[in-house]
Structures are given as C-alpha cells and as structure tokens.
Amino acid sequence: PDEYTKASARRDLRLRESETVLLFFGGLRKEKGISFLLQSLKKYNGPEFTLLIAGPEAHVSSEDIEKARSDINIPLRYDSGYIKESEKYFIASDGIICPYMRSFGRERTSHIFQEAIMSRRPVICPNFGSFQSKLDQYELGLLFQPEHKGDLRNTIQKFVANPDECYSEQHM
C-alpha cells in the first residue's frame with residue numbers, strides 16, 4: 001500500500017531504522033523450516049541483523065522461540081498470532097527468509113514468496129522447485145542448499161554483509 005514506507009512501517013512496528021531486518025513470516029510449521037532456521041543461527045558469527053518472526057505458533061511454540069533466543073547471537077523478535085497487517089512486516093524488512101524443508105514440496109507455491117516479491121523485498125530460498133527457477137531467472141535473492149544449516153548460515157551472512165548485491169532491483 002502507498003501509505004507504507006519502510007520508515008513508517010518500522011516506526012509502527014518499533015524497529016530501528018538503521019538495523020538490518022530479516023523476516024520469517026507465517027505459521028511456525030515444520031515444513032516451513034522455522035526450527036531449521038533457528039538451529040542454523042546457533043553458530044552465526046557474521047554481521048548483525050535482527051530476525052523478525054511473525055506468525056502463529058504451530059510446530060514451534062513461543063517457548064521454543066524463547067529458548068532459541070538464548071542460543072543465538074543476534075537480536076530476535078517474535079510477534080505471535082495471526083498478523084492482520086502483513087504488508088507492514090514485509091515493507092519494514094530488508095529481506096525475507098523462506099527456509100523451507102523438502103517436505104514443503106517441489107512445485108508448491110508460497111504465498112510468503114509472492115508477498116515478498118510484491119513488496120519488492122529480496123528473498124533467501126532453498127534451491128529447489130519454483131524458487132530456484134524464479135531466483136535464477138529474475139535475480140530476486142539468494143539460494144541455499146535445502147536442509148543444510150551451514151549453507152543457510154553462509155547465505156544469510158552474505159546477504160547481510162551486502163544486501164544490494166544479492167538481487168536485481170530492476171528485475172524486482
């Protein structure tokens with residue numbers, strides 16, 4: 001929506017304008033890879049960013065998120081429950097993480113992926129199915145080896161270190 005700018009969305013969500021924010025959005029379901037993402041960040045030692053998790057509990061609970069907070073070395077924020085103004089979260093973010101597991105399905109489409117692209121935000125996705133073909137064709141973000149913690153961690157580090165070189169703003 002035209003009424004949202006990155007600055008206004010961050011103000012509304014109480015995020016600092018200067019921080020790098022990566023968003024995991026949606027239900028905390030196993031096949032969406034939220035546990036995998038949190039585990040991969042345990043050994044993260046790259047440039048700082050804030051991980052913003054927004055969505056209802058499922059396979060992972062708010063207690064699991066709190067436990068993960070003590071295991072990782074980055075700021076983590078969890079906005080639980082159904083998110084009514086999802087656009088605000090996408091606009092406020094610098095990038096969207098889709099750490100989907102193979103069980104998500106090779107040809108399944110992702111509403112989160114589509115929202116990210118509509119919001120003109122780069123994505124970090126596994127290199128399978130439609131994610132791989134779309135990211136390769138249009139330079140929409142970075143790919144990682146599915147279910148490989150080290151590769152996801154390195155991909156996030158690469159993105160945070162230099163986000164503007166990780167996608168084509170023109171293609172977006």
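## Questions about a predicted model

Reader: Which residue forms a salt bridge with Asp94?

Author: In this predicted model, the closest N and O atoms of the pair are 2.7 Å apart. A salt bridge needs a side-chain nitrogen of Lys or Arg within 4 Å of a carboxyl oxygen of Asp or Glu, so this pair qualifies. The partner of Asp94 is Arg10.

Reader: How many residues apart along the chain are Asp94 and Arg10?

Author: Arg10 belongs to helix H1 (residues 6-13), while Asp94 sits in the loop between helix H4 (86-92) and S4. The salt bridge therefore links distant parts of the chain. The separation is 84 residues.

Reader: Is Arg10 buried or exposed?

Author: Buried means under 20% relative accessible area. Its partner Asp94 comes in at 17%, so Asp94 counts as buried. Arg10 has a relative accessible area of 1%, and so it too is buried.

Reader: Which residue is linked with Arg10 and Asp94 in a network of salt bridges?

Author: Side chains of opposite charge can pair when their charged atoms come close. Here Arg10 and Asp94 belong to a network of salt bridges. The other member of that network is Lys6.

Reader: What separates Asp71 and Lys67 along helix H3?

Author: These two form a salt bridge, with their closest N and O atoms 3.5 Å apart. Asp71 is partly exposed at 30% relative accessibility, whereas Lys67 is exposed at 54%. Because they are four residues apart in helix H3, the separation is about one helical turn.

Reader: Are Asp79 and Arg77 buried or exposed?

Author: Asp79 and Arg77 form a salt bridge, and their closest N and O atoms are 2.9 Å apart. It is one of nine salt bridges in the count. Both residues are buried.

Reader: Which strands stand at the edges of the sheet?

Author: Six strands make an open sheet in the order S3-S2-S1-S4-S5-S6, with parallel pairing. The twist averages 25° from one strand to the next. An edge strand has a single partner, so one side of it is left without a neighbour in the sheet. Those at the edges are strand S3 (76-80) and S6.

Reader: How many bridges join strand S1 to S2?

Author: Strands of a sheet pair through backbone hydrogen bonds, either parallel or antiparallel. S1 (residues 21-25) and S2 run parallel, and Phe25 stands opposite Ala54 in S2. The number of bridges joining them is five.

Reader: How many residues of strand S2 are buried?

Author: In a regular strand the side chains alternate between the two faces of the sheet. On one side of S2, Thr50, Leu52 and Ala54 are buried, and on the other Leu51, Ile53 and Gly55 are buried as well. For S2 (residues 50-55), the buried count is six of six.

Reader: Which residue of S6 stands opposite Val123?

Author: Strand S5 (residues 123-126) and S6 pair in the parallel sense over four bridges. Opposite Val123 in S6 stands Gly141.

Reader: Which element gives the largest share of the lining of the largest pocket?

Author: This pocket has a volume of about 180 Å³, and its lining includes Ser35, Leu38, Asp64, Lys67 and Asp71. Two or more lining residues come from each of helix H2 (34-40) and helix H3 (62-71). By class, the lining has three nonpolar, two polar and four charged residues. The largest share, four residues, comes from H3.

Reader: What is the phi of Glu139?

Author: Most residues other than glycine have a negative phi. Glu139, in the loop between helix H6 (129-138) and strand S6 (141-144), has a positive value instead. Its relative accessible area is 42%, so Glu139 is partly exposed. The phi of Glu139 is near 55°.

Reader: How far apart are the C-alpha atoms of Phe104 and Gly33?

Author: Phe104 lies in the loop between strand S4 (95-97) and helix H5 (111-118), and counts as buried because its relative accessibility is 5%. Along the chain, Phe104 and Gly33 are 71 residues apart. Their C-alpha atoms are separated by 8.7 Å.

Terms used:
Residues are numbered from 1 along each chain as its sequence is written. This is a predicted model: local features need pLDDT of at least 70, side-chain atom pairs count only at pLDDT 80 or more; totals for chains, interfaces and linings use all residues. Side-chain values use heavy atoms; hydrogens and water are left out. Buried means under 20% relative accessible area, exposed over 50%, partly exposed in between (1.4 Å probe, protein chains only). On a 1 Å grid over the protein atoms alone, a cavity is a set of points where a 1.4 Å probe fits but cannot get out, and a pocket is an open set with protein on both sides within 12 Å along at least five of seven lines; lining residues have an atom within 4 Å of a point. Grid points are joined across faces, edges and corners, and a volume is the space filled by probe spheres set on the points. Ala, Val, Leu, Ile, Met, Phe, Trp, Tyr, Cys and Pro count as nonpolar, Asp, Glu, Lys and Arg as charged, and the others, Gly among them, as polar. Two strands pair if DSSP finds at least two bridges between them. Axes are lines fitted to C-alpha atoms, for helices over the stretch in contact, and angles run from 0 to 180 degrees between N-to-C directions.
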